[in-house]
Amino acid sequence: MTTSDTAQRLQELALAGNWAEVSPLAEETALFNTRLLFITALELAAGERNEEAAAVSASLNGPMAALIKALLKGSLEDILASPSRSVIADAWVSLVDPVVSRSSEAAALQFALLAPAVADDASRLEGAKPFYDNGLWQAAAQILGTIPAGSPLADKDFFRRLGIALYRSEDYHNAAAALTAAADLGDDSPEILAYLTWLQKKLAEGGAEHE
């Protein structure tokens, strides 16, 4: 259903006094528009059009506006110290799928920089999955990189995904370290062994440009 179709349907339902159907459709439309507005601000920020991004963020709700403000400021300090951090963190989690499906790669990476706003390692790990699955490698690596190596969640699968995301981002030195950790934890899959063999050769030749 297009935007115009939705607006027409809402008008028809309202004129008929069918408020029970108006409410969920209106809420769904409002949520869609709010998320689209956030992505607009995110894209503007990614393009360094900061004044425009700030203007758009003024129309967002508090948690979403806080995320854009932190991005424009280049600091998460205000969020980390905020009594509303959990609400802002929930907003970040809720925006993962819309950002993955609708934003550019540059905007996705900007969104990934906000991942430390979420204190829960498990939520960040889950949030990284759609980026990884959709080949947004830099964003996936950025989010996964916020999870400490000593975390209980940092198992062989974690290091495998981190290593592949780093490899795809051409960060070969750190990719080798992550994939080695995966192998040390028991990942002996042919894919990992192939990555490591190639990376060892490349690093030995001095081909790691992203150390």
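Axes here are lines fitted to C-alpha atoms, for helices over the stretch in contact, and angles run from 0 to 180 degrees between N-to-C directions.

**View 1. Helices α4 and α6 cross in this predicted model.** Helix α4 covers residues 62-73, and helix α6 covers residues 85-102. Their axes come within 8 Å. The crossing angle is roughly 85°. Angles of 65 to 115 degrees count as roughly perpendicular, so α4 is roughly perpendicular to α6. On the α4 side, the contact is made by Pro63, Met64, Ala66 and Leu67. On the α6 side, Val87, Ile88, Ala91, Trp92 and Leu95 take part. What kinds of residues make up the contact of α4 with α6, nonpolar, polar or charged? The residues divide into 9 nonpolar, no polar and no charged.

**View 2. The whole chain is built from helices, with 12 helices and 0 strands.** From the N terminus on, each element in the run is an α. The chain has 211 residues, and 39% of them count as buried. Take the contacts between residues at least 6 apart in sequence: 58% of these join residues at least 24 apart.

**View 3. Confidence varies along the chain.** The mean pLDDT of the chain is 88. Of its residues, 83% reach 70 or more. Where is confidence lowest, and where is it highest? Helix α1, residues 3-15, is lowest, at a mean of 59. Helix α9, residues 137-144, is highest, at 98.

**View 4. Helix α11 packs against two other helices, α10 and α12.** Helix α11 has 13 residues. From its first C-alpha to its last, α11 reaches 18 Å. That is close to the 18 Å expected at 1.5 Å a residue. Which residues of α11 are buried? They are Tyr172, Ala175, Ala176, Ala178, Leu179, Ala181 and Ala182. These buried residues pack against α10 (156-168) and α12.

**View 5. A loop leads from α11 to α12 and holds Asp188.** Helix α11 spans 172-184, and helix α12 spans 190-204. Just after α11, Gly186 takes a positive phi of about 110°. Is Asp188 buried or exposed? Its relative accessibility is 62%, so Asp188 counts as exposed; the cut-off for exposed is over 50%. How far apart are Asp188 and Lys156 in sequence and in space? In sequence, they are 32 residues apart. In space, Asp188 and Lys156 are 9.9 Å apart, C-alpha to C-alpha.

How values were computed. Residues numbered from 1 in each chain as written. Predicted model: local features only at pLDDT ≥ 70, side-chain atom pairs only at ≥ 80, totals over all residues. Heavy atoms only, no water. Helix = DSSP H or I, 4+ residues; strand = E, 2+ residues; numbered from the N terminus. Buried < 20%, exposed > 50% of the residue type's maximum accessible area, 1.4 Å probe, protein only. pLDDT = per-residue confidence, 0-100. Expected span 1.5 Å × (residues − 1). Contact = heavy atoms within 4.5 Å. Parallel < 35°, antiparallel > 145°, perpendicular 65-115°, else oblique. Nonpolar A, V, L, I, M, F, W, Y, C, P; charged D, E, K, R; others polar.
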